[in-house]
Amino acid sequence: MLKKQKPTDLEAWHKLQQNSIYDKRTLKTRFYEDRERFNKYHIKWDGILFDFSKNHIGSETFALFQELLEEANVRSAIEQQQSGKKINVTEDRAVLHTALRNVSESPIYVDGEDVMPSVKDSWAQIATFSSEIRSGNWKGHTGKRIKDVVNIGIGGSDLGPRMVINALRPFITDEINFHFVANVDGADLHEVLKKVVTETTLFIIASKTFTTQETMQNANSAKEWFLKNGGEQESVAKHFVAVSTNAEGVAHFGIDPKNMFTFWDWVGGRYSVWSAIGLPVVIAIGFQGFQEFLSGAHEMDKHVANADWSRNIPAIMAVIGIWYRNFHNAPSHAILPYDQYLDRFAAYFQQGDMESNGKYVDRSGNRVNYPTGPIIWGEPGTNGQHAFYQLIHQGTDLIPADFIAAKKCQHKLRKHHPILLANFVAQTEALMTGKSRMEVEIEMRQAGINSEDIDKIAPYRVFEGNRPTNSIILDELNPYHLGQLIAAYEHKIFIQGYIWNIYSYDQWGVELGKVLAKAVLNELRGGPPHNHDSSTSALINYLKN
C-alpha cells in the first residue's frame, strides 16, 4: 500500500519553497559562476545523455531534490509497483507494465501467483502469429498474403502502437502497410478503407472489454465493409483478430478465440504497448525487434529502481517537473523531439501524463491544495520553431521544455542531420541566454538603423532568456533506445504522482462523459428526452432537426 503523505508536510518541500524564493540567479549567471556546471548536472547512461544543466537549480536545490525523493520514500513506492503490490487502490489492481518487459528470469507475484509464465505464453503466441503474417504464410480468404494491417482501438490501444510504429519506421517490414483507426467519426475509418482491399487486409480489434463504444462501432463497420466487398461470414476469422479479455464477445463477433490475444487487468491502457496491444508493433518490426524494445525498457526499470538519486534519470526528470509546477507556477510542459519519427511522442505522453496525474483528490480522498499534472504538449522540431516557439521564447508563462534528439539519423539524407542538430542545440542556448536590450541596440546600430527607430523597435527584439530546458540525446533512435525513453517518461509520471500523493493509475475522469454520451445518443436516435440544462437540450434538439 502506497504511503499517504501530503507533499506540503515534508520538510524538503518547505526547504524547496525557501530556496525558490531566495535563489533568483539567472541561468546565464549560473553558467558564468560555475564553469563545471554541465559536468555536475548531466547523466550519461547506456546510450542516453540527459543534460539538465539549463535549469534553475544550484547545488543546494539539487541536494534538496534528492532529500525530497528520500523523505517521500520514493524508492519503496517503486519497489511496490515493480513487485506487484496493488497500488491502483481505487480499482484494487496491481500496476505491472514493468512485468510485461521483464526479460530477466525473476518471478513477479500478484495475489501469490507468478505472472511471468502467462506473460511468456503471451510472448510466444504473439511471436508465432506475427511470424505467420510477416512470412506470408497467413493467407486471406482468397489465398493471398496480408499486405495491410488496420489497428482499431482508442486511447492507449491506438496511441501506443501508432507512436511506436511511427518512431521505428526504418525498422519495419516493407511487405506490409500499417493503418490506425481510433475516432468514432466515420471519416477516420472511411479514409483507411479507401486504401485497402478485403483480400489482403487484417483488422486488429484492440479492446480490453470488447465493449468500448468507439472501438466496437468502428469494428462493426469494418466487418460490414468486409462482408459487402467480397468477404464471407466464415472468412471473418481470417481477416479479424482481437486483443481483449472478453472471449465470449470476441467469439460472437466472429473471431476465432485462438486468435484472441489476451492481457490482464493490471495493465493500464496508456501503459499497454508492451502487452498484446503492441501486436501491430511486433508484426511491423518482428519479435526480435520487439524483444529489443522490451529490453531497453527493462534496463530503465532497473535503473530507476537502483540508481542513486543523483544519477537517476527518471527521478531527476520528475523532481525538475515538480520544481517548475509547484514552485515556479509553470502550468505546462513542452515535449519537443527533434526527430520526425517521434512525431506522435508528445501526443502519446499527453495521454500518459495528463490521464495519470490530472487529479485533484489525494490518496486519502481529500482535495489537494497544490497544483498537480501540468498540461503536456509539443510537436517535432524544427516545425515548432516556425509555429509556437514564439510563446516559449517571449510569452508571459514559464514553459519548461524537453528537447529530444538522436546523434545518429536513420535515413540516407545525411546533409540534413547536422542542420537539425544545430537547431536542437541552438534553441536550448537561445532560451537560456536570450538577448538583452544592449545587445539588440548594438546589433541594430551595426545594421545602420537610426536611433529613433531603435527606440521604437528594440523592445520587441529583446529576449529575456532564462527559460529552462532539458536535453535528451539518444545514441540512435532504435527499438532498444526507444524502449528506454518511453520507460523513463513512465517512471517520471509515477514518481511525480506519488510525491503529489495522488493515484496515477486510475482514470475516473473519463467515465462521466461516456455515460452521458449514451443517454444523449438515445435521444438523438428518437428516444425520450432526459432532464438536461437548457444549453444541452437546445444542442440535442438542434442536431436532431
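**Exercise 1.** In this predicted model, find which backbone oxygen the side chain of serine 130 reaches, and decide whether serine 130 is buried or exposed.

*Solution.*
Step 1. The side chain of serine 130 reaches the backbone oxygen of alanine 127, at 3.1 Å.
Step 2. Place the residue: serine 130 belongs to helix 7, which covers residues 116-135.
Step 3. The relative accessibility of serine 130 is 1%. Buried means under 20%, so serine 130 counts as buried.
Step 4. Look for neighbours, leaving out residues up to four places away in sequence: serine 130 touches Val282 and Ile283.

**Exercise 2.** List the buried residues of helix 5 (residues 74-82) and name the helices they pack against.

*Solution.*
Step 1. In helix 5, the buried residues are Val74, Ala77, Ile78, Gln80, Gln81 and Gln82.
Step 2. Recall a rule: an α-helix has 3.6 residues a turn, so residues three or four places apart point the same way.
Step 3. The partners of the buried residues of helix 5 are helix 4 (59-71), helix 6 (97-100), helix 13 (279-306) and helix 20 (479-499).
Step 4. Go on past the end of the helix: just after helix 5, glycine 84 has a positive phi of about 95°.

**Exercise 3.** Decide whether leucine 543 is buried or exposed, and state which residues form a nonpolar surface patch with leucine 543.

*Solution.*
Step 1. Leucine 543 lies in helix 22, residues 534-544.
Step 2. Its relative accessible area is 63%. Exposed means over 50%, so leucine 543 is exposed.
Step 3. Leu524 and Tyr542 form the nonpolar surface patch with Leu543; together the three have about 380 Å² of accessible area.

Terms used: Residues numbered from 1 in each chain as written. Predicted model: local features only at pLDDT ≥ 70, side-chain atom pairs only at ≥ 80, totals over all residues. Heavy atoms only, no water. Patch = residues over 30% accessible without salt bridge, like charges linked within 9 Å, V, L, I, M, F, W, Y side chains within 5 Å. Areas by Shrake-Rupley, 256 points an atom, 1.4 Å probe, with all protein chains shown as cover. Salt bridge = Lys/Arg side-chain N within 4 Å of Asp/Glu carboxyl O. Helix = DSSP H or I, 4+ residues; strand = E, 2+ residues; numbered from the N terminus. Buried < 20%, exposed > 50% of the residue type's maximum accessible area, 1.4 Å probe, protein only. Contact = heavy atoms within 4.5 Å. Polar contact = N/O pair within 3.5 Å; in protein donor to acceptor, adjacent residues only side chain to side chain.
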